[in-house]
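Here is a short briefing for a first look at this chain. Keep the sequence and the model open as you read.

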Amino acid sequence: MAYRVLDRENYPRRQHFAYFNGMANPYVGVTVQVEVTEWVAAIKERGLPFFLSFCYCVSRAANRVPEFRQRILEGEILEYDRCRTSHTVALDDGTYCYCTLDASQPFEEYLPYAVRAQEAARRRRSIEEDTGDSREFLFLSTVPWLSYTALVQPTPSPADSNPRITWGRFEEQGGKLFMPVSVLCHHALVDGLHIAQFYDCLYEELKIQIRERPNCGETEGMGEKQACVSGKNQVK
């Protein structure tokens with residue numbers, strides 16, 4: 001994906017960048033209980049794959065926040081035009097592999113493409129990242145067996161600057177469904193304001209998906225094992 005190098009001299013957060021970029025643990029993260037009541041009902045009604053549908057919304061939301069598309073390379077700040085996702089795909093031996101997806105296309109085109117990409121990833125059975133520039137990736141994962149209130153993410157040393165977004169199992173609270181969604185970002189690039197903007201965009205993307213009725217093509221009638229990843233389908 002194409003990117004531009006930001007002008008450090010005119011970068012409005014240049015002092016914050018220098019401050020947080022020198023820290024041993026430069027990450028900032030939160031977990032938010034996202035209300036998904038209407039979205040889950042729509043997914044269930046249309047027989048859509050749970051993970052891939054949510055993955056699409058997350059990718060679109062993250063790409064709407066410029067700071068989520070920024071990365072650090074040798075002290076410079078890069079801003080990508082768009083970022084692909086790299087997510088975990090469950091394997092039959094209890095382990096997982098990685099799959100790379102691009103959510104720039106319409107949802108009805110994304111679903112069959114994503115299903116094919118996941119099947120290809122299962123055949124490769126590799127945790128090596130896809131070829132190309134791994135800095136652009138948004139790292140996605142899910143813990144569908146648990147509903148949680150906090151999550152600790154593993155991070156490399158030295159630190160990378162890829163955002164990490166994870167979600168868990170939804171639960172009913174007061175007649176509504178809530179799902180934990182965790183975000184971890186490099187604080188030299190991303191502040192709480194930008195994380196809040198991501199959640200606002202995520203709500204908007206979920207609403208868009210509720211309103212639209214895509215032609216699912218080859219994903220129609222597929223079970224969770226074929227069309228989704230990482231655990232059992234929550235939508236019964």
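Glutamate 74 counts as exposed, because its relative accessibility is 78% (exposed means over 50% relative accessible area, buried under 20%, partly exposed in between, with a 1.4 Å probe and protein chains only). Its place is the loop between β3 and β4. Glutamate 74 is not a glycine, yet its phi is positive, at about 50 degrees.

This is a predicted model: local features need pLDDT of at least 70, side-chain atom pairs count only at pLDDT 80 or more, and totals for chains, interfaces and linings use all residues. Residues are numbered from 1 along each chain as its sequence is written, and side-chain values use heavy atoms, with hydrogens and water left out.

**The chain as a whole**

- Six helices and ten strands make up the list of elements in the chain. They are DSSP runs numbered from the N terminus: helices are H or I with at least four residues, strands are E with at least two.
- The chain has 236 residues, and 51% of them are buried.
- About 11600 Å² of the chain is exposed, and carbon and sulfur atoms supply 50% of that area. Accessible areas come from the Shrake-Rupley method with a 1.4 Å probe; for residues, only the protein chains shown count as cover.
- Take the contacts (heavy atoms within 4.5 Å) between residues at least 6 apart in sequence: 75% of them join residues at least 24 apart.

**The sheet around glutamate 74**

- β1, β4 and β3 form an open sheet of three strands, in the order β1-β4-β3, with antiparallel pairing. Two strands pair if DSSP finds at least two bridges between them.
- β1 (3-5) and β3 (70-73) are the edge strands; each has a single partner strand, so one side of each lacks a neighbour in the sheet.
- On average, neighbouring strands of this sheet are turned by 30 degrees against each other, direction ignored. The axes behind such angles are lines fitted to C-alpha atoms, for helices over the stretch in contact, and angles run from 0 to 180 degrees between N-to-C directions.
- Four bridges link β3 to strand β4 (residues 76-80) in the antiparallel sense. One pair is glutamine 70 with glutamate 79 in β4.

**Strand β10 and its partners**

- Is strand β10 enclosed or open? Ten of the eleven residues of β10 (residues 176-186) are buried, so the rest of the structure largely encloses this strand.
- Strand β2 (residues 27-35) pairs with β10 over nine bridges, antiparallel. Here valine 28 stands opposite cysteine 185.
- Strand β8 (residues 164-168) also pairs with β10 in the antiparallel sense, over four bridges. Isoleucine 165 has valine 183 as its bridge partner.
- Strand β9 (residues 171-173) pairs with β10 over three bridges, again antiparallel. Glutamate 171 has phenylalanine 178 as its bridge partner.
- Two residues lie between the strands in the hairpin of β9 and β10, where glycine 174 takes a positive phi near 60 degrees.
- Lysine 176 lies in β10. Lysine 176 counts as partly exposed because its relative accessibility is 42%.
- What does lysine 176 touch, leaving aside its neighbours within four places in sequence? Its contacts are Glu35, Thr37 and Glu171.
- Lysine 176 and threonine 37 are 139 residues apart in sequence, but 5.6 Å apart in space, C-alpha to C-alpha.

**Helix α4 and histidine 87**

- The 18 residues of helix α4 (residues 107-124) should span 26 Å at 1.5 Å a residue; the end C-alpha atoms are 25 Å apart, which agrees. The expected span is 1.5 Å times one less than the number of residues.
- The buried residues of α4 include Phe107, Tyr110, Leu111 and Gln118.
- Glutamine 118 joins histidine 87 through a polar contact of 2.9 Å between their side chains. A polar contact is a pair of N or O atoms within 3.5 Å; within protein, one must be able to donate a hydrogen and the other to accept it, and residues adjacent in sequence count only if both atoms are side-chain atoms.
- Histidine 87 sits in strand β5 (residues 85-90). Histidine 87 counts as buried because its relative accessible area is 0%.

**Backbone points in loops**

- Arginine 125 comes just after α4 and has a positive phi of about 55 degrees. Arginine 125 lies in the loop between α4 and β7 and is partly exposed, at 42% relative accessibility.
- Serine 157 and proline 158 are joined by a cis peptide bond, with omega about 0 degrees. Proline 158 is in the loop between β7 (138-143) and β8.
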